[in-house]
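Got your viewer open and a selection box ready? Load the model and follow along, one stop at a time.

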Amino acid sequence: MARGKTASRAKQRQDMLRELAADETISFSAGGCASRAVEAVEALHRMRDGTYGKCVDCGGKIPAARLHVKPEATRCIACQSDYESRAAHAELAAPVRRTA
Ligand SMILES: [Zn+2]
């Protein structure tokens, strides 16, 4: 597995959140909005580097209909389904520590 890549992506997300937090026009009163904003910024980065619309797992093309509904999608439907299934199993195997 590409643990380094995952850690690097997590750091990228943190950096983006910091950038967004510095932008006074974005409100962080609703936690979900911050996450969506980061996903949108990531999508813009992918557009810039030419990887937008390409599945991060299989490298296949994400169908236009999926991008129309979820423009920030990073995986095709099959890979997203696998990813969510793996995430659910990982969560069951090692419950996330809750800090608040
Ligand atoms: Zn895929």
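What share of the contacts in the chain between residues at least 6 apart in sequence join residues at least 24 apart? That share is 23%, where a contact means two C-beta atoms, placed from the backbone, within 7 Å.

Before you click further, some housekeeping. This is a predicted model, so local features need pLDDT of at least 70 and side-chain atom pairs count only at pLDDT 80 or more, while totals for chains, interfaces and linings use all residues. Residues are numbered from 1 along each chain as its sequence is written.

**Whole chain.** Colour by secondary structure and you get four helices and zero strands, in the order α-α-α-α from the N terminus. Helices here are DSSP runs of H or I with at least four residues, strands are E runs of at least two, and both are numbered from the N terminus. Buried residues make up 5% of the 100 residues. Buried means 20 or more other C-beta atoms within 10 Å of a residue's own, exposed means 12 or fewer, and partly exposed is in between, with C-beta atoms placed from the backbone.

**Confidence.** Now colour by pLDDT, the predictor's confidence in each residue, from 0 to 100. The chain averages 80, and 69% of the residues score at least 70. Among the elements, helix 1 (residues 3-22) has the lowest mean, 65, and helix 3 the highest, 95. Next, select residues 24-28: pLDDT is below 50 there, and beyond near neighbours in sequence this stretch has four contacts in the model.

**V38.** Jump to helix 2 (residues 31-49) and pick V38. Because 19 other C-beta atoms lie within 10 Å, V38 is partly exposed. Draw a distance from V38 to E72: they are 34 residues apart in sequence, yet 9.4 Å apart in space, C-alpha to C-alpha.

**C58.** Move on to the loop between helix 2 and helix 3 (64-69), where C58 sits. C58 has 13 C-beta neighbours inside 10 Å, so it counts as partly exposed. Leaving out residues up to four places away in sequence, C58 touches C76 and C79. Add R75 to the selection too: C58 and R75 are 17 residues apart in sequence and 8.1 Å apart, C-alpha to C-alpha.

**Helix 4.** Last stop: select residues 77-93. How many of the 17 residues of helix 4 are buried? The count is zero, so helix 4 is hardly covered. Its end C-alpha atoms are 24 Å apart, which agrees with the expected 24 Å, since the expected span is 1.5 Å times one less than the number of residues.
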